[in-house]
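Open the model in your viewer and keep the selection box ready. Each stop below gives something to pick and what to look for.

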Amino acid sequence: MIALLIRDLRIAMRAGGGAGLGLAFFLMVVIFVPLGVGPETQLLSRIAPGILWVGALLACLLTLDRIFALDFEDGTLDALLCAPLPLSGVVLVKSIAHWLVTGLPLTLISPLLGVLLNLPAEGYFWLMASLLPGTLSLSVIGAFGAALTVGVRRGGLLLSLLVLPLYVPTLVFGAECASALMNLKDPVAPFIFLLVITLGSVAFLPMAGAMALRANLR
C-alpha cells in the first residue's frame, strides 16, 4: 500500500495535475472575488471563510477525474483488481494521495490567502482546523465518485454532478466552523459534525468505491 501511495504521488507531481493546478485555481478564486464584490473590508471579512471553503472545494473537484483515469487507460487498474490487495484499500490510498497533493497544500496556504480577504485573526486557527479533515473528506467522496464514473467517456461533468450534492454537508459545517467565532458562536459543534462526516466517509466510502470499480471493470 505504501508503494502504491508513493507511486501515485510521483505520478501526480509528474503529470502536472496535482498540487500546482489546485493551488493556482485556489489563488485565482481568492484574487478575483475581491475584484467582483469590491474592496470593502467588512464585507470581505464576513464572506472570507465561505469563499476560502468554496475555493478549496472547487480546487479539489478540478482534479478528481485523474484519480483513476490514468490507471484505467494503461491497464494498471485491471492489474490492481487482480492483485492480492483489498480494493477498498486501493481506493483509500488513492484518496489519501489526492488529498496530499491537493487538500493538504490548500490547507497550509489558506492563512496566507486569508490575509488577502481580510480574514479576522480569530478565524485562522479554525479555518485550518476545519480544512484539514474537511479536504480529506472531499478527496474520499471524490474518489468514490471517480470510481462510479471510471471508464465513462467524458465522465468529468457526470462526476461533478454526482459529488457536488455529497459535498454539501462538508461545505456547510466546514464554513460554519471557520466563521463561528466571528459570528459569536461556538465552533466546536460544527467541527465535531465535520469530523463525523470525515470519519464516516473514510470508513464506508472506500468499500462503496471498490464495489463500483468491480462493477465498472467487469
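The tour runs from a surface patch to a helix with two sides, then to a glycine.

This is a predicted model, in which local features need pLDDT of at least 70, side-chain atom pairs count only at pLDDT 80 or more, and totals for chains, interfaces and linings use all residues. Residues are numbered from 1 along each chain as its sequence is written, and side-chain values use heavy atoms, without hydrogens and water.

**Stop 1: the patch.** Select Leu27, Met28, Ile31, Phe32, Leu35 and Leu116. Together they make a nonpolar surface patch of about 590 Å². Patch residues have over 30% relative accessible area and no salt bridge (a side-chain nitrogen of Lys or Arg within 4 Å of a carboxyl oxygen of Asp or Glu); nonpolar side chains are joined within 5 Å, like charges within 9 Å. Areas come from the Shrake-Rupley method with a 1.4 Å probe.

Now show helix α2, residues 19-37. Helices are DSSP runs (H or I, at least four residues), numbered from the N terminus. α2 gives the most to the patch, with five residues. Click Met28, in α2. Its relative accessibility is 41%, so Met28 counts as partly exposed (between buried, under 20%, and exposed, over 50%).

**Stop 2: helix α4.** Select residues 66-74. Ile67, Phe68 and Asp71 are buried. Seen down the helix axis, the buried residues of α4 fall within an arc of 65° (taken from the directions from the axis to the C-beta atoms), so they line one face. Turn to the other side: Glu73 and Asp74 are exposed. Gly75 follows α4, with a positive phi near 85°.

**Stop 3: Gly50.** Find Gly50 in helix α3, residues 41-62. Gly50 is partly exposed, at 28%. Then pick Thr170: the two C-alpha atoms are separated by 12 Å, although Gly50 and Thr170 lie 120 residues apart along the chain.

Conventions
Helix = DSSP H or I, 4+ residues; strand = E, 2+ residues; numbered from the N terminus. Buried < 20%, exposed > 50% of the residue type's maximum accessible area, 1.4 Å probe, protein only.
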